[in-house]
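Here is a walk through the fold, from strand pairs to the core and the pocket. Keep the structure open while you read.

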Amino acid sequence: MGEFWPVPEVLAFLAGSWRVERSVRDLASGDEGRFDGTTVFSPSEGGALLHRESGTFVWRGVARPAERTLRFLPGAAGAGTADVRFADGRPFHDLDLTTGRWVADHPCAADLYRGEFTVRDADRWRTVWRVRGPAKDLVLTTDYTRVD
């Protein structure tokens, strides 16, 4: 098998529970943080998945509970794709894992979030978000490992 693992049905692949380990580096200040928790992709209306992430984020030595919710809708280009939205329905990014790798952009005010998604095998995938702009200079690396 090659470096990336192709995903013919992205929503079926993501469904279930995942252990999440995220490192956050502020390239401007040199600060580093860490998030540890879980993400559960559960069925939602219209064939979508509800992505619920919860855990603990440690930044500058202070641990705080953290959570977020996203919606992964079936993509227009077929089963290997998804339309990712924030909890309030605003567009976040598209996702196509048919080759096991995808790069997506999300403009946020004057900053640009560029995410690279890579699938290693049936139970492991990673995202690396590079955030650049006048307000931010960050790298967020998240490893997901299936737990069920």
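How many residues lie between E5 and E6 in their hairpin, and which residue in the turn has a positive phi? There are four residues between the two strands, and Gly89 is the turn residue with a positive phi, about 95°.

Before going further, a word on what you're looking at: this is a predicted model, where local features need pLDDT of at least 70, side-chain atom pairs count only at pLDDT 80 or more, and totals for chains, interfaces and linings use all residues. Residues are numbered from 1 along each chain as its sequence is written, and side-chain values use heavy atoms, with hydrogens and water left out.

**Strands and hairpins**

Strand and helix names follow DSSP runs, numbered from the N terminus (H or I, at least four residues, for helices; E, at least two, for strands). Two strands count as paired if DSSP finds at least two bridges between them.

Back to E5: this strand pairs with strand E6 (residues 91–96) in the antiparallel sense over five bridges, and Val84 has His93 as its bridge partner in E6. E5 also pairs with E4, again antiparallel and over five bridges. There, Val84 of E5 stands opposite Phe72. The E4–E5 hairpin has six residues between its strands, with Gly78 at a positive phi near 125°.

Now to the start of the chain. Strand E1 (residues 16–26) runs antiparallel to strand E2 (residues 32–43), joined by 10 bridges; Trp18 has Thr39 as its bridge partner in E2. Five residues sit between the strands of this hairpin, and Gly30 in the turn has a positive phi of about 85°. E1 also pairs with strand E10 (residues 137–146), antiparallel over nine bridges, and here Val20 is partnered by Tyr144.

Ser17 is a handy spot to look at in E1. It counts as buried because its relative accessibility is 18%, and the cut-offs are under 20% for buried, over 50% for exposed and in between for partly exposed (1.4 Å probe, protein chains only). Leaving out residues up to four places away in sequence, Ser17 touches Thr39, Val40, Thr145, Arg146, Val147 and Asp148; a contact here means heavy atoms within 4.5 Å.

**Loop residues worth a click**

Most residues other than glycine have a negative phi. Arg60 and Ala109 go the other way: Arg60 has a positive phi of about 55°, and Ala109 has one near 55°. Here are four loop residues side by side.

| Residue | Loop | Relative accessibility |
|---|---|---|
| Arg60 | between E3 (49–59) and E4 | 57%, exposed |
| Ala79 | between E4 and E5 (81–86) | 47%, partly exposed |
| Ala109 | between E7 (101–108) and E8 (111–121) | 81%, exposed |
| Lys136 | between E9 (124–132) and E10 | 29%, partly exposed |

Ala79 and Pro8 are 71 residues apart in sequence, but their C-alpha atoms are 6.4 Å apart in space. Beyond its neighbours within four places in sequence, Ala79 is in contact with Pro8, Glu9, Val10 and Leu11. Lys136 and Ala28 are 108 residues apart in sequence and 8.0 Å apart, C-alpha to C-alpha. Lys136 touches Asp111, Tyr113 and Val131, not counting residues up to four places away.

**The core**

A nonpolar core is a set of buried Ala, Val, Leu, Ile, Met, Phe, Trp, Tyr and Cys residues joined through side-chain atoms within 4.5 Å. The largest one has 27 residues, and Val10, Leu14, Phe72, Leu95 and Trp125 touch the most other members. Helix H1 (residues 10–14) gives the largest share, four residues. Which residues does Leu95 touch, not counting those up to four places away in sequence? They are Val10, Phe72, Gly80, Thr81, Ala82, Val84, Trp102 and Phe117.

**The pocket**

The largest pocket holds about 560 Å³ of space. Of its 28 lining residues, Arg22, Arg68, Phe92, Tyr113 and Leu140 are the closest to the centre. (A pocket is an open set of points on a 1 Å grid over the protein atoms alone, where a 1.4 Å probe fits, with protein on both sides within 12 Å along at least five of seven lines; lining residues have an atom within 4 Å of a point.) Strand E4 (residues 62–74) supplies the largest share of the lining, five residues.

How values were computed: Points joined across faces, edges and corners; volume = space filled by probe spheres on them.
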